[in-house]
Amino acid sequence: MISNSLEETKNIAHKFASTLVGGDVVFLEGDLGAGKTSFVQGVLEALGYTEPVRSPTFSIMNMYLIANHPTIERVIHLDFYRFESPREVHSLGLEEMMENKKNVFMIEWPKNGIENGSDIRYTRSIKFRSVNEQTREILIS
Ligand SMILES: Nc1ncnc2c1ncn2[C@@H]1O[C@H](COP(=O)(O)OP(=O)(O)OP(=O)(O)O)[C@@H](O)[C@H]1O
Ligand SMILES: [Mg+2]
């Protein structure tokens, strides 16, 4: 898809959110400022979360409780940008949290924290590419 504004990216995220189910693990890849966090903000908006949603660049992990959804109780938003090695991910206890199929994971910069052959696998992948200041290419698979 092509998005020509922040608002269009949020609209794409709203539609995507309607296809999310508990247990989904979403990898969000693309350069700095490509729109990954904005997309997650759109997803949470669509799931009825009304409080501010901030980037987990420094907190690493932010958790949001979702009310009134048939399969999702929690959205866990992660950002591994600052990770230097996949080893750091183990200390978060992600594997255990993934056993709860009412959790949804949205992970920015997944490759900085998750190595090939890890037990952590995505169910959905979103790739962002900045075409120019306002335009983004968004590939959902
Ligand atoms: N079409 C667009 N879609 C999304 N964001 C856009 C678009 N056009 C401009 N922007 C701007 O690009 C920035 C996207 O920032 P965002 O924090 O979502 O990026 P990010 O991919 O999460 O970056 P980081 O890797 O640093 O976490 C925002 O400032 C937003 O206003
Ligand atoms: Mg971000």
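These questions and answers show how the labels used for this predicted model follow from its numbers.

This is a predicted model, in which local features need pLDDT of at least 70 and side-chain atom pairs count only at pLDDT 80 or more, while totals for chains, interfaces and linings use all residues. Residues are numbered from 1 along each chain as its sequence is written, chains are lettered from A and ligands numbered from 1 in the order in which they are written, and side-chain values use heavy atoms, with hydrogens and water left out.

Q: What makes Thr 37 and Glu 108 donors of the magnesium ion (ligand 2)?
A: Donors are N, O and S atoms within 2.8 Å of the metal (3.2 Å for Na, K and Ca). Thr 37 (OG1) and Glu 108 (OE) lie 2.0 to 2.2 Å from the magnesium ion. Therefore both count as donors. Water is not among the atoms, so the site may look incomplete.

Q: Why does this pair tie together parts that are apart in sequence?
A: Thr 37 lies in helix α2 (residues 36-46), and Glu 108 lies in strand β5 (residues 103-108), so the parts they join are 71 residues apart in sequence. Helices (H or I, at least four residues) and strands (E, at least two) are DSSP runs, numbered from the N terminus.

Q: Why is Leu 44 called buried?
A: Buried means under 20% relative accessible area, exposed means over 50%, and partly exposed is in between (1.4 Å probe, protein chains only). Leu 44 has 0% relative accessibility, so it counts as buried. Leu 44 is found in helix α2. Thr 37 and Glu 108 are both buried too.

Q: What makes α2 largely enclosed by the rest of the structure?
A: The helix has 11 residues, and 8 of them are buried, so α2 is largely enclosed. Among the buried ones are Lys 36, Phe 39 and Val 43.

Q: Why is Ile 60 buried, and why is Trp 109 partly exposed?
A: Ile 60 has 12% relative accessibility, so it counts as buried. Trp 109 has 22%, so it counts as partly exposed. Ile 60 lies in the loop between α2 and β3 (61-65). Trp 109 lies in the loop between β5 and β6 (124-130). Ile 60 has a positive phi of about 70 degrees although it is not a glycine. Trp 109 has a positive phi of about 50 degrees, and it is not a glycine either.

Q: What makes Glu 88 partly exposed?
A: Its relative accessibility is 33%, so Glu 88 counts as partly exposed. Glu 88 is found in helix α3 (residues 87-90).

Q: How do you know that Ser 5 and Gly 33 make polar contacts with ligand 1?
A: A polar contact is a pair of N or O atoms within 3.5 Å; within protein, one must be able to donate a hydrogen and the other to accept it, and residues adjacent in sequence count only if both atoms are side-chain atoms. A polar backbone atom of Ser 5 is 3.1 Å from a nitrogen atom of ligand 1. A backbone N or O atom of Gly 33 lies 2.9 Å from an oxygen atom of ligand 1. Both pairs fall within the limit.

Q: Which helix gives the most to the shell around ligand 1?
A: Helix α2 does, with 3 residues. Elements that give two or more residues to this shell are α1 (6-17) and α2.
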